Amino acid sequence: MDMNQAPILEFNKVSKHFSVKDGVGKIAINGLSIKLFPGMLVGLLGKNGAGKSTLMRCALGIIEPSSGEITTLGEPINQLSSEAKAQIGYVPQQPFGYEGFSVSRALELHRSFYPAWDRELENTWLERFDLDSKQQVQRMSVGQRQSLALIMAMAYRPKLLILDEPVASLDPIARRKFMADLFELALESGSAVLFSSHITSDLERVASHLALMRSGELVLFKEMDSVREEVKLLTLANGEDIPTGLNVLNHQGNKVLVDNFSDVKYPDMAAESLNLERLFMELHR
Ligand SMILES: Nc1ncnc2c1ncn2[C@@H]1O[C@H](COP(=O)(O)OP(=O)(O)OP(=O)(O)O)[C@@H](O)[C@H]1O
């Protein structure tokens with residue numbers, strides 16, 4: 001990861017409100033700021049409806065934010081050049097059609113839009129995902145379509161890759177292969193990747209950073225190693241106050257979830273390390 005370079009994606013105090021019919025608005029993203037640099041593989045985690053897809057769709061310019069600024073590949077999102085667009089890869093939650101096409105025809109068509117398309121990478125991935133290039137897209141399983149969508153989004157080595165639950169329909173073997181390759185590809189190409197997943201073990205294994213959303217807000221954005229070291233569940237003794245200087249993510253009874261714990265600063269506190277699934281549960285307790 002190179003933080004001396006310009007960010008590939010930057011959100012500056014971005015909010016997105018949806019107006020709904022009964023007049024009550026919905027705040028999907030609230031004052032969110034984040035920067036993604038080359039080599040970052042950011043795992044986005046949040047409950048259903050937390051705002052993950054909205055964040056991703058704003059980053060791609062599919063929907064406009066209500067306020068705040070978004071810069072993608074150095075350009076304001078509402079004025080993205082075609083050069084910048086050709087360096088973005090996206091796999092939505094429900095991958096698109098290509099009905100009536102064979103895999104190879106679909107890839108041929110898609111390939112024509114991207115000068116940087118890497119045929120070797122395409123072939124490697126077709127093999128890895130066990131896809132038959134002669135098969136008709138409409139006869140493929142959901143997981144096979146998802147694999148095809150991933151190849152289409154990644155074979156031109158985009159600088160920014162946005163994947164909305166990319167592996168939800170993949171079997172564990174395909175998922176592992178994909179996750180390992182994703183990591184390698186991002187590092188190799190100096191790309192930034194933003195991917196959402198509810199599979200916390202995948203996030204734990206491959207993400208360089210964790211972005212945690214709750215009700216439209218980014219409550220945590222940290223390197224994975226720092227998450228392991230600094231995010232702790234504290235148990236307060238009877239009558240004990242939360243020590244000053246700690247950043248509280250959640251507080252229920254005598255349990256306090258904090259994101260900036262240090263053994264050195266608070267040597268006497270009962271502090272428990274959490275895996276990502278526990279962290280998620282404790283955040284929403
Ligand atoms: N077009 C829309 N009109 C009105 N409300 C919307 C619209 N799109 C999203 N929302 C609302 O914004 C909130 C965030 O939705 P979003 O799809 O971003 O959540 P998510 O974190 O991606 O959820 P999931 O994990 O279920 O995919 C939800 O309450 C949703 O109902």
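**Exercise 1. Characterise the contact between domain 1 and domain 2 in this predicted model.**

*Solution.*

Step 1. Count the residues on either side. Nine residues of domain 1 are in contact with seven residues of domain 2.

Step 2. Locate the elements that supply the domain 1 side. α7 (200-206), β9 (209-214) and β10 (217-223) each contribute at least two residues to the side of domain 1 that touches domain 2.

Step 3. Classify that side. The side of domain 1 that touches domain 2 holds five nonpolar, one polar and three charged residues.

Step 4. Place the contact in the chain. Domain 1 spans 9-222 and domain 2 spans 231-283. Their centres, taken over C-alpha atoms, are separated by 33 Å.

Step 5. Consider the confidence values. The protein chain has a mean pLDDT of 90, and 97% of its residues reach 70 or more. The scores of the model are ipTM 0.97 and pTM 0.91.

**Exercise 2. Determine whether strand β7 (residues 160-164) is enclosed or open, and identify its partner strands.**

*Solution.*

Step 1. Apply the burial criterion: a residue is buried if 20 or more other C-beta atoms lie within 10 Å of its own. Five of the five residues of β7 are buried, so the strand is largely enclosed by the rest of the structure.

Step 2. Separate the two faces. L160, I162 and D164 lie on one side of β7, L161 and L163 on the other, and both faces are covered.

Step 3. Find the partner strands. β7 pairs with strand β6 (residues 88-91) in the parallel sense over four bridges; within β7, L161 stands opposite G89. Strand β8 (residues 192-196) also runs parallel to β7, and five bridges join them. D164 has S196 in β8 as its bridge partner.

Step 4. Trace the connection to β8. Helix α6 (residues 172-189) combines with β7 and β8 in a right-handed β-α-β unit.

**Exercise 3. Describe the surroundings of I162 and relate them to helix α1 (residues 52-59).**

*Solution.*

Step 1. Assign the residue to its element. I162 belongs to strand β7.

Step 2. Evaluate its burial. I162 has 27 C-beta neighbours inside 10 Å and therefore counts as buried.

Step 3. List the contacts. Residues up to four places away in sequence being left out, I162 touches M56, A59, L60, Y90 and L194.

Step 4. Turn to α1. M56 and A59 are among the buried residues of α1, together with K52, T54, L55 and C58. Six of the eight residues of α1 are buried, so this helix is largely enclosed by the rest of the structure. Just after α1, G61 adopts a positive phi of about 80°.

Step 5. Compare sequence separation with distance in space for one further pair. I162 and R128 are 34 residues apart along the chain, and 21 Å separate their C-alpha atoms.

**Exercise 4. Establish the strand order of the antiparallel open sheet and state which strands stand at its edges.**

*Solution.*

Step 1. Read the order. The four strands follow one another as β2-β1-β4-β5, with antiparallel pairing.

Step 2. Identify the edges. β2 (26-36) and β5 (75-76) each have a single partner strand, so one side of each is left without a neighbour in the sheet.

Step 3. Examine one internal pair. Five bridges join strand β1 (residues 9-18) and strand β4 (residues 67-72) in the antiparallel sense. T71 in β4 is the bridge partner of E10.

**Exercise 5. Analyse the hairpin formed by β12 and β13, and then two residues with a positive phi, K13 and D130.**

*Solution.*

Step 1. Define the hairpin. Strand β12 (residues 248-252) and strand β13 (residues 255-258) run antiparallel and are joined by four bridges. N250 is paired with L257 in β13. Two residues lie between the strands, and G253 in the turn has a positive phi of about 60°.

Step 2. State the general expectation. Most residues other than glycine have a negative phi.

Step 3. Examine K13. Although not a glycine, K13 has a positive phi of about 50°. K13 is located in strand β1 and, because 12 C-beta neighbours lie inside 10 Å, it counts as exposed.

Step 4. Examine D130. The phi of D130, a residue other than glycine, is positive and near 55°. D130 sits in the loop between α4 (119-128) and α5 (142-154). With 11 C-beta neighbours inside 10 Å, D130 therefore counts as exposed.

Definitions and conventions: Residues are numbered from 1 along each chain as its sequence is written. This is a predicted model: local features need pLDDT of at least 70, side-chain atom pairs count only at pLDDT 80 or more; totals for chains, interfaces and linings use all residues. Two strands pair if DSSP finds at least two bridges between them. A crossover is right-handed if, with the strands pointing away from the viewer, the path from the first strand over the helix to the second runs clockwise. Domain bounds come from an automatic or database domain assignment. Two residues are in contact if their C-beta atoms, placed from the backbone, lie within 7 Å. Ala, Val, Leu, Ile, Met, Phe, Trp, Tyr, Cys and Pro count as nonpolar, Asp, Glu, Lys and Arg as charged, and the others, Gly among them, as polar. pLDDT is the predictor's confidence in each residue, from 0 to 100.
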